[in-house]
Amino acid sequence: MSDDSVPAEVEEESEIPADHPRYEDLISRHRIERGIEEGITHLQGMHAEGRGSAFDYLLGEETIPTADAAERAAAAHLLLADHPVLSVNGNVAALVPEEMVDLAEAVDADLEVNLFNRTEERVAAIADHLRAHGATDVKGLTADARIPGLDHERAKVDADGIAAADAVLVPLEDGDRAEALGEMGKTEIVIDLNPLSRSPQVAAVPIVDNVLRAVPNIAAHARDLADAGEDELQAIVAEFDADEALRAAEERIRSGDLR
Ligand code: PTJ
């Protein structure tokens, strides 16, 4: 299947052939474009997507074993938490809305919209989009608390959401907030395709994988662990080695075979 088989203007995802070698990448591009058109994704989301796509190419566009271990540890953390929250930005809302709603259900977590380039219109559009994909309660609209030590819009959180959370999943995070959340004593789980970025470097659980693969895989692990006792979940958390996960991802990116 050559690139010529994909129309220049893709209206519907179904027009992208599932056997295209760059299928996931084309789906991502299409969803981000659509997200921008619908007022969900910021224009800068395209830059972020392009960067992520380059790292994913170098990783071999697959979930490497240490990323799978990180996804299992993330599931264990979220199941152990008293108040887990999944943070949603404009890229995540465009790329994996249904999967985020499903993960929230699997680990009994809140969904909270939290934006780097915050506007009330975009927060409302993302909340509506998540509801259209099955979410019942979406936080982030009240923004009645602040993350200490941050002066940008990402400091705005809900008092009964991220501010009160003991574990937070933050896909495509920026380093400042990642550090600030860690300083608040929260367990931070970061999904980011760049292992050298500050956010995975400071996370308790850095997941170097594409959100397209990572989010459903965390949910699958959570369902697999649904009957696990606290001791088993604690053992999974204790066994996970964040430094090794970052090292293995960087090694794969630097030395992997390009196709
Ligand atoms: O919606 P907003 O206003 O909150 O803005 C969201 C973006 C993503 C635009 C904003 O947070 C931003 O500018 O992020 P950065 O600093 O570009 O960082 C994005 C990181 O996510 C980069 O390290 C990318 O490699 C990584 N990334 C991009 N796409 C994916 C990804 N990681 C996992 N899966 C992806 N699909």
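**Figure 1. Surface and charges of the predicted model.** The accessible surface of the protein comes to about 11800 Å², and carbon and sulfur atoms account for 46% of that area. The protein carries 22 positive and 57 negative charges, and the mean positions of the two sets lie 4 Å apart.

**Figure 2. Overall fold of the protein, with 11 helices and eight strands.** The C-alpha atoms fill a box of roughly 50 × 40 × 35 Å along the principal axes. A compact globule of 259 residues would have a radius of gyration near 18 Å, and the protein agrees with this because its own value is 18 Å. Of the 259 residues, 53% are buried. Among contacts between residues at least 6 apart in sequence, 62% link residues at least 24 apart.

**Figure 3. Strand β6, residues 167-171.** Five of the five residues in β6 are buried, and the strand is mostly covered. On one side of β6 sit A167, L169 and P171, and on the other V168 and V170; both faces are covered, since these residues are all buried.

**Figure 4. Pairing of β6 with strand β1, residues 84-88.** Strands β1 and β6 run parallel and are joined by three bridges. Within this pair, L86 stands opposite L169 of β6.

**Figure 5. Pairing of β6 with strand β7, residues 187-191.** Five bridges connect β6 to β7, and the two strands run parallel. The bridge partner of L169 in β7 is I189. L169 is also the residue of β6 that L86 stands opposite, and L169 is buried.

Methods. Residues numbered from 1 in each chain as written. Predicted model: local features only at pLDDT ≥ 70, side-chain atom pairs only at ≥ 80, totals over all residues. Heavy atoms only, no water. Helix = DSSP H or I, 4+ residues; strand = E, 2+ residues; numbered from the N terminus. Rg over C-alpha atoms; globule rule 2.2 N^0.38 Å. Buried < 20%, exposed > 50% of the residue type's maximum accessible area, 1.4 Å probe, protein only. Contact = heavy atoms within 4.5 Å. Areas by Shrake-Rupley, 256 points an atom, 1.4 Å probe, with all protein chains shown as cover. Lys, Arg positive; Asp, Glu negative; His and termini not counted. Charge placed at Lys NZ, Arg CZ, Asp CG, Glu CD. Pairing = 2+ DSSP bridges.
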